Amino acid sequence: MNIATEVQDKNLIHDGCDNQSVYVQRDFSNSRPLDVHTWSEHLEVHALIADLWADYFAVEFDNAGRPGRRAAGSPIRQFRVLVLDLYLAWKSDPGMSIGVGMSNRFYRSGSRYNALHISSVMIKLVHRAHEVGLIGLHLGTEYAGRTTRIWAAPQLVERFARARFGVFDIAPYSERESIILSRGDRERWEEYDDNDWTHAMRATMSSYNALIDQTFIDIPTLDLPIITRAQENTGRATQVRIDQNNKFSRRVFYRGSWELGGRVHGGFWQQLPEPYRASLWINDLPVIEDDYSGLHIALLYGMEGRPLVGDPYSLGISTAYPPEALRGWIKQLVLVAINAGTEASAFKAFRQKQAPGSPAKRFTDRMLGELLEAFKSQHKAISQYMCSDEGVRLMAIDGRITARIIERFSPKSRCRC
């Protein structure tokens, strides 16, 4: 058994290109999904892919040499996506794995959300790359909701280390869809027919993505380009990477309706904990962050034709808890109540958001009901919106506000949002 096969079967991380390097057990929770829009036309990328293809894949997948135009989703183009995404993961963190679907249901080659026409051929490419020792592979269990994990094995890492291109030579595919009609998670993104409105929105997002692709966004005070944050409901540590290849943004509409949502999603800065956002620098200049406190509460007051006065979450309630902690819990409760259809679902969602060990995780429905009633009593003008499932409509408003700002500051934009 060669060293590459031995290492990949043991699920170990190889931290260098020689056989004397140290191997560390791989953490499969440190992973991200395969990005099917990773792309580059760099000449050195073409050279690496051509060499790997000729050495390991041409016999089984040979499209090279056939007359006529290649299909958009030809195996070698899909292989380029796979190798480039493995390269980005390795450059970002040698311990990171990529989650890849190994069932046909993960691939809709004719979908507008699959601009490079990635198909179930990817499954065969992954198996072949593992057979020849280019990648490590840990089979997932679809029943348990965990996809197969893959990573660059030493044989491929050696090629990456000699590569004459870098992460800035790789970018999201230019034709990637930026207008999403969703009914839930990524597997429920819906197809739709374009019209003048969707074309205009896409043009705006294309201008914006072109702008941020040429913009260097960073937190220069960090020793490493990684921020660790705790998940709200589990307290589990997750990592946010300050990554110039993770800036693509899109507008997402919810529940299969163009009237709901439309917020802009994407960009690593949206995943940052609040204290870090004010530490961002754009093209070597520090940002200034305006805090629009109580935005959705202010929008609700605006819908009623009345101004919001003061801090909406300071209710003047006297409790044994610190005032700042209480204010945070009231804010969370009110925001989930705006998005919930019933009090019961709002209270359940509130408790799920609390970190393990937080006193608020043990708040009963009665206690939460008293807090919500105190808020409604102080804000009678908007009390009818609590537990009314109004949140997605408010998101549509702030989505249009964001789109107008993007339109104003992005070149060649023509959105009629």
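A salt bridge is a side-chain nitrogen of Lys or Arg within 4 Å of a carboxyl oxygen of Asp or Glu. Keep that in mind as you work through this predicted model.

**Exercise 1. Salt bridges across the structure**

Find out how many salt bridges a search of the whole structure gives, and which residues are linked in a network.

*Solution.*
- Step 1: Start with the total. The search of the whole structure turns up 20 salt bridges.
- Step 2: Now look for linked ones. Arg112, Glu177, Asp194 and Arg202 are joined in a network of salt bridges.
- Step 3: Recall the general idea: side chains of opposite charge can pair when their charged atoms come close.

**Exercise 2. Three pairs to take apart**

For the salt bridges of Arg32 with Asp85, Asp55 with Arg159 and Asp398 with Arg263, work out where the partners lie and whether they are buried or partly exposed. You'll need the cut-off: buried means under 20% relative accessible area, and exposed means over 50%, with partly exposed in between.

*Solution.*
- Step 1: Take Arg32 and Asp85, whose closest N and O atoms are 2.9 Å apart. Arg32 sits in strand β3 (residues 31-33) and Asp85 in helix α3, so this pair ties together parts that are 53 residues apart in sequence. With a relative accessible area of 23%, Arg32 is partly exposed, while Asp85, at 1%, is buried.
- Step 2: Move on to Asp55 and Arg159, where the closest N and O atoms are also separated by 2.9 Å. Asp55 belongs to helix α2 (residues 43-61) and Arg159 to helix α5, so the parts tied together are 104 residues apart in sequence. Asp55 has a relative accessible area of 47% and is partly exposed; Arg159, at 17%, counts as buried.
- Step 3: Finish with Asp398 and Arg263, with 3.0 Å between the closest N and O atoms. Asp398 is in helix α12 and Arg263 in strand β14, so the pair links parts 135 residues apart in sequence. Asp398 counts as buried at 7% relative accessibility, and Arg263 as partly exposed at 29%.

**Exercise 3. Two helices that cross**

Describe how helix α3 (residues 75-92) and helix α5 (residues 154-162) meet, and say what kind of residues make the contact.

*Solution.*
- Step 1: Know what to look for. Two packed helices are described by the angle between their axes and the distance between the axes.
- Step 2: Read off both values. The axes of α3 and α5 come within 11 Å and cross at roughly 80°.
- Step 3: Name the arrangement. Angles from 65 to 115 degrees count as roughly perpendicular, and α3 and α5 are therefore roughly perpendicular to each other.
- Step 4: List the residues. From α3 come Val83, Leu86, Tyr87 and Trp90; from α5 come Leu156, Val157, Phe160 and Ala161.
- Step 5: Sort them. You get eight nonpolar residues, no polar ones and no charged ones.

**Exercise 4. What covers helix α8?**

Pick out the buried residues of helix α8 (residues 295-303) and name elements that cover them.

*Solution.*
- Step 1: The buried residues of α8 are His296, Ile297, Leu299, Leu300 and Tyr301.
- Step 2: Their cover includes β14 (261-266), α9 (323-339), α11 (365-378) and α12 (391-409).
- Step 3: Look just past the helix: Gly305 takes a positive phi of about 75°.

**Exercise 5. Zooming out**

Sum up the whole protein in a few values.

*Solution.*
- Step 1: Count the elements: 12 helices and 16 strands.
- Step 2: Check burial: 45% of the 417 residues count as buried.
- Step 3: Check the contacts between residues at least 6 apart in sequence: 67% of them join residues at least 24 apart.

Key
Residues numbered from 1 in each chain as written. Predicted model: local features only at pLDDT ≥ 70, side-chain atom pairs only at ≥ 80, totals over all residues. Heavy atoms only, no water. Helix = DSSP H or I, 4+ residues; strand = E, 2+ residues; numbered from the N terminus. Buried < 20%, exposed > 50% of the residue type's maximum accessible area, 1.4 Å probe, protein only. Contact = heavy atoms within 4.5 Å. Axes fitted to C-alpha atoms, helices over the stretch in contact; angles between N-to-C directions. Parallel < 35°, antiparallel > 145°, perpendicular 65-115°, else oblique. Nonpolar A, V, L, I, M, F, W, Y, C, P; charged D, E, K, R; others polar.
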